[in-house]
Amino acid sequence: MDWLKGKISINQPVVFPDKKYQDKYFIGLNLYLGYKEILLLRKDNNYSVFLAIYEKIEHATKLDFDRAYIVFQAAQATSTLPGSSAECGVYRGGGSALIASVNQDRKHFALDTFEGFPDVTSDIDIHRKGGFADTLIMDVKNIFQSYPNIIMLKDTFSQSFPGLQQESFSFVHIDADLYASTLECCEFFYKKMNQGGIMLFDDYLVRDTPGVKKAVDEFFSLKKEFPIVLPTMQAMVFKL
Ligand SMILES: C[S@@+](CC[C@H](N)C(=O)[O-])C[C@H]1O[C@@H](n2cnc3c(N)ncnc32)[C@H](O)[C@@H]1O
């Protein structure tokens, strides 16, 4: 990709499926990577709020800057809808703190074993049991101290779901990496989402989490909603 050299810095090779569109890809990529500068130059207030929160939580999340900003905006976009928010796959807690900060009157449920992945049941998954076990519940609780609207549910998702039967949801961030975990989140939360609510899937197109795309595609192939793929590799579904 000689024409890209010196124009942008990226840490992955870029493969363009069709050369005849390369100028269009370039414009899209450039705009995407450049949006932060534009927001800063225009002194966007909302972006400043995000930056301040991200600075506080970035040590406790795997979400990179761009994906975190999408999570933040999706939490904002749904914050006036009825219903709670949730995150499935919390790890060290930064993502849940980010979501909970947006609307502190909205209950936020944080679901994880906080001991890493449970049994991995599908052959498609690359991750194995115990991955992401390097988190400490006390550290997560410390981060959550500033957000009294967070309710921690420490168990496998399937064990936690019965406790949420009375809830409805406006925003759910699903960051579970595994096929079975993602599918069970789809099955449980889809029917609990209020109209206009967002289900946001992390790692939808990431190479080491093929089970996420498989679960999302299988589930929504039978539904009227359509997962929108974002340049950040996330997929977003609006409940109709
Ligand atoms: C990629 S990490 C989550 C990252 C987090 N959202 C962040 O902001 O850094 C995936 C998490 O999903 C959890 N997980 C996956 N499947 C699960 C299940 N069935 N029940 C409970 N936790 C699960 C793992 O324990 C792990 O902490």
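Tutor: Two strands pair if DSSP finds at least two bridges between them. Keep that in mind as we look at this predicted model.

Student: How do you know that strand E4 pairs with strand E5?

Tutor: Five bridges join E4 (residues 169–174) to E5 (residues 193–201), and the cut-off is at least two, so the two strands count as paired. They run parallel, and Phe171 stands opposite Ile198 in E5.

Student: What makes E5 and strand E7 a pair?

Tutor: Four bridges join E5 to E7 (residues 235–238), so the cut-off of at least two is met here too. These strands run antiparallel, with Phe201 opposite Ala235 in E7.

Student: Which strands make up the sheet, and in what order?

Tutor: The open sheet has seven strands in the order E3-E2-E1-E4-E5-E7-E6, with mixed pairing.

Student: Why is one side of E3 and of E6 left without a neighbour in the sheet?

Tutor: Strand E3 (150–154) and strand E6 (228–229) stand at the edges, and because each has a single partner strand, one side of each has no neighbour in the sheet.

Student: What do E4, helix H7 and E5 make?

Tutor: Together with H7 (residues 179–190), the strands E4 and E5 make a right-handed β-α-β unit.

Student: Why is helix H4 called largely enclosed?

Tutor: A residue is buried if 20 or more other C-beta atoms lie within 10 Å of its own. Nine of the nine residues of H4 (residues 94–102) are buried, so the helix is largely enclosed by the rest of the structure. Among them are Gly94, Leu98 and Val102.

Technical notes:
Residues are numbered from 1 along each chain as its sequence is written. This is a predicted model: local features need pLDDT of at least 70, side-chain atom pairs count only at pLDDT 80 or more; totals for chains, interfaces and linings use all residues. A residue is buried if 20 or more other C-beta atoms lie within 10 Å of its own, exposed if 12 or fewer, and partly exposed in between; C-beta atoms are placed from the backbone. A crossover is right-handed if, with the strands pointing away from the viewer, the path from the first strand over the helix to the second runs clockwise.
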